Amino acid sequence: MALTRSERIAALYKAAKDRILVLDGSWGVMIQRENLSEEDFRGERFANHSHPQKGNNDLLILTRPDIVAGLHDVYYSVGADISETNTFSSTTIAQADYGLEDAVYDLNYEGARIGREVADRWTEKEPHKPRFVAGAIGPTNRTLSLSPDVNDPGYRAVSYDEVYNAYKQQAKALHDGGVDLFLIETVFDTLNAKAAIKAVKDLEDEGYEPLPIWISGTITDRSGRTLSGQTAEAFWNSVRHAKPFAVGFNCALGAELMRPHIAELSRVADTLVSAYPNAGLPNAMGQYDEEPHETGHFIEEWAKSGLVNIVGGCCGTTPDHIKHIADEVAGVDPRTIPERPVALRLSGLEPFELVA
């Protein structure tokens with residue numbers, strides 16, 4: 001018998017106390033290996049759609065659900081505790097590029113439903129290791145903090161209300177479909193993330209059951225800052241009001257370069273800390289060369305140094321990477337959440353702390 005959502009959330013919190021949790025790896029690299037055609041992406045439902053759809057990976061939820069279910073299945077099979085829905089770009093803003101704004105609810109609902117079905121099957125099979133579904137909420141391809149026009153710094157391609165409404169529609173559908181938590185990920189603009197946080201929180205006022213929120217930013221280069229300019233601690237100060245289940249970083253950097261930023265977040269965050277790096281940096285052809293055992297050893301060191309509570313992989317990582325990561329962190333105690341003194345903590349691009 002499948003667990004209720006409340007039971008699943010309780011199991012998630014318990015599992016996070018007992019061990020380092022493992023997230024799945026890249027979806028994009030695995031979908032690329034399928035060598036899909038335009039017709040695969042379109043399916044019957046979108047056979048006559050006016051826009052090209054090849055490369056719209058989220059659409060496979062509706063047109064090739066077998067591939068989506070298969071990827072959840074393979075990641076759970078190699079040790080993942082949590083698998084993301086294939087909904088990274090399933091907002092009206094992102095799907096406007098494909099002319100699929102009207103399909104957004106279905107993308108998110110079905111993406112969550114497929115993930116839920118596979119996770120429940122694994123939990124029934126291995127009740128000692130329950131599996132969880134994270135509703136993936138990506139950053140969109142529009143930013144609220146930066147102008148896309150170098151000649152007009154005040155211009156924005158999208159408004160806050162538009163971003164908020166897009167996220168709220170996505171969050172509702174993911175919730176309806178059965179996710180266990182929301183993963184607001186690859187945050188390069190903290191204002192976009194705040195719109196997503198408010199959208200998720202506002203669902204509670206409409207009677208939706210509260211779900212844990214996991215927030216994952218991205219440090220864009222060796223400067224140690226997000227694209228909108230914040231340091232790791234400033235980013236945390238900007239989102240800590242959401243009282244997230246977990247906070248961390250993903251994408252942009254490989255594990256070797258991400259480590260100092262994870263260490264800094266581990267020092268300041270009084271919640272779980274997550275990290276799911278790329279498989280190193282891309283080569284000249286845009287491919288990722290870091291071998292699974294290399295990624296696994298980097299993350300093993302983080303775990304043994306007490307830096308992390310949740311680990312996984314982002315761009316370029318495969319089920320082999322996740323298996324190595326899961327094997328390396330098995331039996332390692334999760335990071336202890338620090339107790340920090342009460343203080344006024346603010347942020348702009350830099351953090352500000354005033355201790356009484």
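A residue is called buried when its relative accessible area is under 20%. Keep that in mind, because it helps with the strand in the middle of this story, β5, whose five residues out of five are buried. What you're looking at is a predicted model. Its eight strands form an open sheet with parallel pairing, and its largest pocket has a volume of about 860 Å³.

**The sheet**

- Strands of a sheet pair through backbone hydrogen bonds, either parallel or antiparallel.
- Reading across this open sheet, the order goes β1-β8-β7-β6-β5-β4-β3-β2, with parallel pairing.
- The edges are β1 (21-22) and β2 (82-84), and each of them pairs on one side only.
- Helix α1 (residues 5-18) packs on the sheet and touches β1, β2, β3 (132-137), β4 (181-187) and β7. The direction of α1 makes about 95° with that of β3.
- Helix α8 (residues 160-177) packs on the sheet too, touching β3 and β4. For α8, the angle with the direction of β3 is about 165°.

**Two pairings to look up**

- β6 (residues 246-254) runs parallel to β7 (residues 272-278), and the two are joined over six bridges. Look for Gly254, whose bridge partner in β7 is Asn278.
- β4 and β5 also pair in the parallel sense, over four bridges. Here you can find Leu183, which has Trp214 in β5 as its bridge partner.

**Strand β5, wrapped up**

- In a regular strand the side chains alternate between the two faces of the sheet.
- In β5, one side holds Ile213, Ile215 and Gly217, while Trp214 and Ser216 sit on the other. They are all buried, so both faces of the strand are covered.
- Since five of the five residues of β5 (residues 213-217) are buried, the strand is largely enclosed by the rest of the structure.

**The pockets**

- Rolling a probe the size of a water molecule over the atoms shows where empty space is left.
- The largest pocket is lined by 38 residues, and the closest to its centre are Ser26, Trp27, Gly28, Asn57 and Cys315.
- Three elements give two or more residues to that lining: α2 (28-32), β4 and β6. The largest share, four residues, comes from α2.
- By class, the lining of the largest pocket has 13 nonpolar, 20 polar and five charged residues.
- The second largest pocket holds about 160 Å³ of space. Its lining has 14 residues, with Arg19, Ile20, Ala326, Val329 and Ala330 nearest the centre.
- That second lining splits into seven nonpolar, two polar and five charged residues.

How values were computed. Residues numbered from 1 in each chain as written. Predicted model: local features only at pLDDT ≥ 70, side-chain atom pairs only at ≥ 80, totals over all residues. Heavy atoms only, no water. Pairing = 2+ DSSP bridges. Contact = heavy atoms within 4.5 Å. Axes fitted to C-alpha atoms, helices over the stretch in contact; angles between N-to-C directions. 1 Å grid on protein atoms, 1.4 Å probe; cavity = no way out; pocket = protein on both sides within 12 Å on 5 of 7 lines; lining within 4 Å. Points joined across faces, edges and corners; volume = space filled by probe spheres on them. Nonpolar A, V, L, I, M, F, W, Y, C, P; charged D, E, K, R; others polar. Buried < 20%, exposed > 50% of the residue type's maximum accessible area, 1.4 Å probe, protein only.
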